[in-house]
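Please look through the structure shown below and follow, step by step, how its surface and its helices can be read.

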Amino acid sequence: MNFQLEYAEELMKKTISSLEDILIKSSPYITGDHPTIADILVFFEVTDLFIVGIPLENYKATHAWFNKMLEIEALAAIHNEYQKSLPKLMQMFQHVKADDA
């Protein structure tokens, strides 16, 4: 795998670990008892983990927070549409990794 992809995946793991630490120490959401724009922005960034194959289940607080965010009807609808395109996105990512090997 190429260095840039390795670095990107490693950076994603560090970032999700930082989010995990924040969520362990915080209320149900990133900045308090209610979702804010911060939660929404991070929610969409966390979905990148699915593309590269980093299991969200490995991060218990983040996984619980993500599922709580899915209780927001609009986010759930967007995420459901995203899930439909996920196999193609994963295939594209795997192709990029193979080309760079």
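**From the surface to the helices**

In this predicted model, a nonpolar patch of about 450 Å² on the surface is made by Ile37, Ile40, Leu41, Phe44 and Ile78. The largest share of this nonpolar patch, four residues, is supplied by helix 2, which spans residues 37–46. One residue to look at within helix 2 is leucine 41. Leucine 41 has a relative accessibility of 54% and therefore counts as exposed, because the word exposed is used for values over 50%.

We can now turn from the surface to buried side chains. In helix 4, which covers residues 60–69, the buried residues are Ala61, Thr62, Trp65, Phe66 and Met69. Because these residues cover an arc of only 135° around the axis, they lie on the same side of helix 4.

Charged side chains come next. Side chains of opposite charge can pair when their charged atoms come close. In this model the count comes to one salt bridge, and lysine 84 forms a salt bridge with glutamate 81, with 2.9 Å between the closest N and O atoms. Both residues belong to helix 5 (residues 73–100), and because lysine 84 and glutamate 81 are three residues apart there, about one helical turn separates them.

How exposed are the two partners, lysine 84 and glutamate 81? Lysine 84, at 59% relative accessibility, counts as exposed, whereas glutamate 81, at 49% relative accessibility, counts as partly exposed, because a residue must be over 50% to be called exposed and under 20% to be called buried.

Technical notes. Residues numbered from 1 in each chain as written. Predicted model: local features only at pLDDT ≥ 70, side-chain atom pairs only at ≥ 80, totals over all residues. Heavy atoms only, no water. Buried < 20%, exposed > 50% of the residue type's maximum accessible area, 1.4 Å probe, protein only. Helix = DSSP H or I, 4+ residues; strand = E, 2+ residues; numbered from the N terminus. Arc of directions from axis to C-beta. Patch = residues over 30% accessible without salt bridge, like charges linked within 9 Å, V, L, I, M, F, W, Y side chains within 5 Å. Areas by Shrake-Rupley, 256 points an atom, 1.4 Å probe, with all protein chains shown as cover. Salt bridge = Lys/Arg side-chain N within 4 Å of Asp/Glu carboxyl O.
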